[in-house]
Amino acid sequence: MDKNFQEEEFTKVVKFTPPLYKQRYQFVKDLVEKYKPKKVADLGCADCRLLWMLKFCSCIEVLAGLDICASVMKEKMHTLSPLPLDYLQPSERSLTVTLHHGSVAHKDPCMLGFDLVTCIELIEHLEESELKKFPEVVFGFMAPSVVVISTPNSEFNPLLPGVMLHRHPDHKFEWNQAQFQSWALETAKCYDYSVEFTGVGHPPTGMENVGFCTQIGVFVRKYPRTGESFQSEKLTEAAYKTVFKAVYPSLKDEKYLQNAVVSEVIFTAQNIKHHLMSKHEDYDDDPEGKSRFQPSVDYFSDCLRKLVVDQTMEPFVNGNEIYIPLVTIFSFPKVNRLCGTFEKLCKLIAGKVTLSSDGSAVVFNSEHE
């Protein structure tokens, strides 16, 4: 049975709103907003729901998930794949999502270099031998800047109907507040981390001493890692099997950047063309055409007035051809932001857009729409 679903059955009487698992995920998302990590790993990622939510955080460029159960990951890993819209409108950031099959009791160099590691409702599923190895793997070997660990608070269990010993049949233990804090403080001291305690799922009024339904420890590394220890740990032999990898289209990739720039240049030039033609054409015989183009004409007319500062930037008509100077197109904010420099603009559109003989302007035939 899905652990989140089973938990919801237990907590209906207490009525957590939003559901407890969503509160845990929101807690992680808030941490991401606070620390702005570029690389995040979720240990015990299960159905990948937390990873799916985190992929929308703009600061994150690398996401990794690890779980001992490959079948659960494979069932939901498709949710982490790029959508058609991601290819049509590539993001300015790069994003790679990878899922690994393996145990948190084993070290693998693919888990080095992460800024934030999340262990949400994980440690209570570990056997005693695995729990003993867990701190060295996460805090000693991986040694991220921030680690967040959540686990059930056993003192809350009497408030949950149907819970006799543990909340889930796979739980090997469930700690009370003192037990969790004792373990966390000892671990933090051993590996030079500080730790703060909080939680989600408030107890009923008048029972505050029971504590949160889910207790959370946020560990922050006190000192930066030394280069020597980092290099030596890279030599560790791989222990995980990669079961999924997705690389999202990004404007940092020249191919996607070129497509975006060419599309924006053509779009901008077409609108300038419509603005220019509106000065020469009589729309009286085509009122529908006038209404169709009027919004973009008004917008680009206003932009042109602000951007064109000398005659060399003025679009012009020569016979059946319309010339829109590249310097004018480059002045539009989105084109400018995409390219950065005028030289980059020229390089990206070379061979992709019809230009004048000297390469200074985009050329359209006025007889073709």
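Student: With which residues is Leu54 in contact, leaving aside its neighbours within four places in sequence?

Tutor: In this predicted model, Leu54 is in contact with Val28, Lys29, Val32, Val40, Ile60 and Leu63. Contact here requires heavy atoms within 4.5 Å.

Student: What makes Leu54 notable in the largest nonpolar core?

Tutor: That core has 41 residues, and Leu54 is among those that touch the most other members, together with Ile60, Leu99, Val148 and Phe244. The elements giving two or more residues to this core include helix 2 (20-35), helix 3 (49-54) and strand 5 (146-152). Helix 2 gives the most, with seven residues.

Student: Why is Met142 called buried?

Tutor: Met142 is listed among the buried residues of helix 6, so its relative accessible area is under 20%. Met142 also belongs to a second, separate core of 32 residues, which includes Ala41, Cys119 and Leu126.

Student: How do you know that the span of helix 6 is close to the expected one?

Tutor: Helix 6 (residues 128-142) has 15 residues and reaches 20 Å from its first C-alpha to its last. The expected span is 1.5 Å times one less than the number of residues, which for helix 6 is 21 Å; the two values are therefore close.

Student: Where does helix 6 bend?

Tutor: Helix 6 bends by about 30° at Phe134, and Pro135 follows within four residues. Just after the helix, Ala143 takes a positive phi of about 45°.

Definitions and conventions:
Residues numbered from 1 in each chain as written. Predicted model: local features only at pLDDT ≥ 70, side-chain atom pairs only at ≥ 80, totals over all residues. Heavy atoms only, no water. Bend = angle between axes of the 7 residues up to and from the residue. Buried < 20%, exposed > 50% of the residue type's maximum accessible area, 1.4 Å probe, protein only. Core = buried A, V, L, I, M, F, W, Y, C linked by side-chain atoms within 4.5 Å.
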